[in-house]
Amino acid sequence: MARAIVYTEIGTPDVLHLAEIPDPTPGPDEVVVRIEAVGVNPLDAKLRRGARPSPPIVEPRRVGFDGAGVVTELGEGVTGFAVGDRVAIINVLGTYATALAVPVSRLARLSDGVTAAEGAGLGIPIGTAYQCLRSLRVGQGDTLLVHAGSGAVGQAAVQYAVLWGAKVVATGSPERFEQLRSLGAIPVAYGDGLTGRVREAAPEGVTVALDCAGTDEAIQTSLELVADRDRIATIVRGPDAADFGIRAFSGGSPVPLTEEEKAWRDEAVALTVNLIEAGDFQIELGPELPLAEAARAHELIEQHAADGKIILVP
């Protein structure tokens with residue numbers, strides 16, 4: 001039997017528990033992946049506690065969307081992958097498990113220079129950051145303001161913007177400044193006077209902003225500094241973004257992604273694997289916990305009590 005984290009009611013982290021499940025079998029164009037590392041995302045906790053809408057729970061609900069592991073079985077019609085291949089799983093529900101059947105369209109091959117933990121840290125954060133920056137047309141000559149730059153999405157946004165020739169100012173707490181500098185950003189502390197500090201860091205002005213914090217301060221600072229509201233986006237304040245006249249991606253946005261934006265999210269993982277292999281991109285790894293301690297992982301992510309990507313190991 002395989003094992004997976006499930007829950008049967010909306011609630012606090014302690015609703016999560018480890019259960020035995022039938023061994024997965026691959027359908028057509030699917031493979032079974034033995035999972036070696038699971039990426040824990042804020043979205044996982046928001047769904048568990050009901051902060052993001054989801055259908056009524058009628059059977060034990062699985063958790064997690066990102067992971068990495070090794071292909072152990074091929075379904076009918078699978079080409080391009082073989083048993084033993086190392087892969088990252090991209091946005092497939094149920095990665096908090098020892099094994100999972102995954103459509104081949106939701107896989108990215110991992111090179112030898114990328115660890116399973118790094119692969120598990122890609123999916124949602126990398127896809128979100130890459131798509132947001134593409135949608136905002138970030139490039140050479142821009143000055144990008146990233147709110148909550150030391151989080152997983154923020155760090156990915158900083159690195160891609162720098163690679164594409166933009167200047168980046170990123171907000172964070174002082175103890176995270178060195179990490180932000182290592183990625184190529186100019187760090188500024190959030191809190192009273194933020195707008196003035198950003199102006200000092202970028203006297204030439206700010207042309208584009210990405211809110212990964214969701215605070216009123218982040219929204220108002222972006223509105224004060226960026227002239228074109230079509231170049232301000234939030235990944236947290238989806239329900240009320242339209243009230244400010246700004247764009248919303250993820251975060252419960254009522255506006256669905258375009259097909260092009262969905263494609264950008266999918267292509268981001270393979271691109272980032274190549275960059276990690278070349279030494280041009282980093283995934284900051286945080287605490288590593290056993291799969292059975294998923295509740296503890298959710299406590300850490302909700303309390304903002306861990307730096308770097310929280311990883312579960314089956």
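For a chain of 314 residues, a compact globule would be expected to have a radius of gyration near 20 Å, and the value of 19 Å computed for the protein agrees with this expectation. The model from which this and the following values derive is a predicted one. Along its principal axes, the C-alpha trace extends over about 60 × 40 × 35 Å. The secondary structure comprises 10 helices and 16 strands, and 54% of the 314 residues are buried. When contacts between residues at least 6 apart in sequence are considered, 64% of them join residues that are at least 24 apart. The accessible surface amounts to about 13,300 Å², and carbon and sulfur atoms contribute 52% of this area. As to charge, the protein carries 26 positive and 42 negative side chains, with the centres of the two sets 3 Å apart.

Among the sheets of the model is an open one in which six strands follow the order 11-10-9-12-13-14, with parallel pairing. Its edges are formed by strand 11 (186-189) and strand 14 (247-248), each of which pairs on one side only. Within this sheet, strand 9 and strand 10 (residues 167-172) run parallel and are joined by four bridges, and L145 has V169 of strand 10 as its bridge partner.

The loop that leads from strand 9 (143-147) to helix 4 (152-163) contains S150, and A148 is placed in this loop between strand 9 and helix 4 as well. The relative accessible area of S150 is 18%, so this residue is classed as buried, the cut-off being under 20%. Leaving aside residues up to four places away in sequence, S150 touches Q155, T171, R176, L180 and E284. A148, by contrast, is partly exposed, because its relative accessible area is 26%. The backbone of A148 adopts a positive phi of about 65°, although the residue is not a glycine. Most residues other than glycine have a negative phi.

A further open sheet consists of three strands in the order 2-1-4, and the pairing here is antiparallel. Strand 2 and strand 4 (61-62) occupy the edges, and each has a single partner strand, so that one side of each is left without a neighbour in the sheet. The pairing of strand 1 (residues 2-7) with strand 2 is antiparallel and extends over five bridges, with A4 finding its bridge partner in A19 of strand 2.

Strand 2 (17-21) is followed by a loop to strand 3, and D29 lies in this loop between the two strands. With a relative accessibility of 41%, D29 counts as partly exposed, the partly exposed class covering values between the 20% and 50% limits. D29 also has a positive phi, of about 60°, although it is not a glycine. Excluding residues up to four places away in sequence, D29 touches E76, G77 and V78, together with V102, P103 and V104. The C-alpha atoms of D29 and A120, which are 91 residues apart in sequence, are separated by 22 Å in space.

The strand that comes after this loop, strand 3 (residues 30-39), runs antiparallel to strand 7, and five bridges join the two. E30 stands opposite P103 of strand 7 in this arrangement, and P103 is also one of the residues touched by D29. Strand 7 (residues 99-103) is mostly covered, since four of its five residues are buried according to the cut-off of under 20% relative accessible area.

A contrasting environment is provided by E259, which lies in helix 9 (residues 259-277). The relative accessible area of E259 is 60%, and this residue is therefore classed as exposed, the limit for that class being over 50%. E259 and L285 are 26 residues apart in sequence, and the distance between them in space, C-alpha to C-alpha, is 31 Å.

Conventions:
Residues are numbered from 1 along each chain as its sequence is written. This is a predicted model: local features need pLDDT of at least 70, side-chain atom pairs count only at pLDDT 80 or more; totals for chains, interfaces and linings use all residues. Side-chain values use heavy atoms; hydrogens and water are left out. The radius of gyration is taken over C-alpha atoms; the globule rule is 2.2 Å times the number of residues to the power 0.38. Buried means under 20% relative accessible area, exposed over 50%, partly exposed in between (1.4 Å probe, protein chains only). Contact means heavy atoms within 4.5 Å. Accessible areas come from the Shrake-Rupley method with a 1.4 Å probe; for residues, only the protein chains shown count as cover. Lys and Arg count as positive and Asp and Glu as negative; His and the chain ends are not counted. The place of a charge is taken as NZ of Lys, CZ of Arg, CG of Asp or CD of Glu. Two strands pair if DSSP finds at least two bridges between them.
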